[in-house]
Amino acid sequence: MSENSQHAHHGHDGHGHGTGGEDGPSWTRAAKMLQDAAPITIPEGASAMTIHVQWEPGDPGTPPHRHSGPAFGYVIKGAVRFELEGEPERVVEAGGTFWEPGGDAIHYQDGNALADERTEFVVTMMCAPGKPMLELVDEEELKERAHLRAPRPTA
């Protein structure tokens, strides 16, 4: 999976939990870093919610929306069409990760990129107190912010 997202930093420095090589105690080999997201801003007093999403073949997913805090996802099966405001849409395949900073940014797409099989992912979201898990963005705001959306594919 290639990463071209400013909101997706991957890698590790070879130190700390889960980053050991083939030597050393089993606990250093048991975990594999999948995503290292930075910088993140968590709303004060936030709660964390983890959900399992299952999209049927071709399901476009949630309409454009935003989250009050950062969200971190892992694709279990299939492929997610992921698009965050200001970034080109991309497909995240099984075993891949995605994240978004939350706040003002619009999350345009999170649907199933496959027309012939189900897609599943798990996402953990940090929610500001008193805010819903997600808030849909209305047509008027989508028009006002259209200039912030990355160019659409022409294929």
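**Close-up 1. Phe-82, Phe-98 and Phe-121 come together as one aromatic cluster.** This is a predicted model, and the view centres on those three rings. Within the cluster, Phe-98 and Phe-121 make an edge-to-face pair, with 5.6 Å from centre to centre and 75 degrees between the planes. Phe-98 belongs to strand 6 and Phe-121 to strand 8, so this pair ties together parts of the chain that sit 23 residues apart in sequence. Are these two rings buried or exposed? Phe-98 counts as buried because its relative accessibility is 3%. Phe-121 is buried too, with a relative accessible area of 3%.

**Close-up 2. Phe-72 and Trp-99 form a stacked aromatic pair.** Here the ring centres are 5.8 Å apart and the planes differ by 5 degrees. Which strands does the pair link? Phe-72 sits in strand 3 and Trp-99 in strand 6, with their positions 27 residues apart in the chain. Trp-99 has a relative accessibility of 1%, so it counts as buried. Altogether, the model holds 3 aromatic pairs.

**Close-up 3. Four strands line up as an open, antiparallel sheet.** Reading across, the order is 1-8-3-6. Strand 1 and strand 6 (97-100) are the edges, each pairing on one side only. Neighbouring strands in this sheet are turned against each other by 20 degrees on average, with direction ignored.

**Close-up 4. Strand 8 pairs with strand 1 and with strand 3.** Strand 8 covers residues 119-127 and is mostly covered, with 7 of its 9 residues buried. How many bridges hold it to strand 1? There are 9, joining strand 8 to strand 1 (residues 47-55) in the antiparallel sense. To find your place along that pairing, look for Gln-54, which stands opposite Glu-120 of strand 8. Strand 3 (residues 71-77) also runs antiparallel to strand 8, and 6 bridges join the two. One landmark there is Val-75, whose bridge partner in strand 8 is Phe-121. That's the Phe-121 you met in the aromatic cluster with Phe-82 and Phe-98.

**Close-up 5. Leu-34, Tyr-74 and Ile-76 make a nonpolar patch on the surface.** The patch comes to about 240 Å². One of its members, Ile-76, lies in strand 3. Why isn't Ile-76 classed as buried? Its relative accessibility is 41%, so it counts as partly exposed; the buried class means under 20%.

How values were computed:
Residues numbered from 1 in each chain as written. Predicted model: local features only at pLDDT ≥ 70, side-chain atom pairs only at ≥ 80, totals over all residues. Heavy atoms only, no water. Buried < 20%, exposed > 50% of the residue type's maximum accessible area, 1.4 Å probe, protein only. Pairing = 2+ DSSP bridges. Patch = residues over 30% accessible without salt bridge, like charges linked within 9 Å, V, L, I, M, F, W, Y side chains within 5 Å. Areas by Shrake-Rupley, 256 points an atom, 1.4 Å probe, with all protein chains shown as cover. Salt bridge = Lys/Arg side-chain N within 4 Å of Asp/Glu carboxyl O. Axes fitted to C-alpha atoms, helices over the stretch in contact; angles between N-to-C directions. Phe/Tyr/Trp six-rings, centres within 6.5 Å; stacked < 30°, edge-to-face > 60°.
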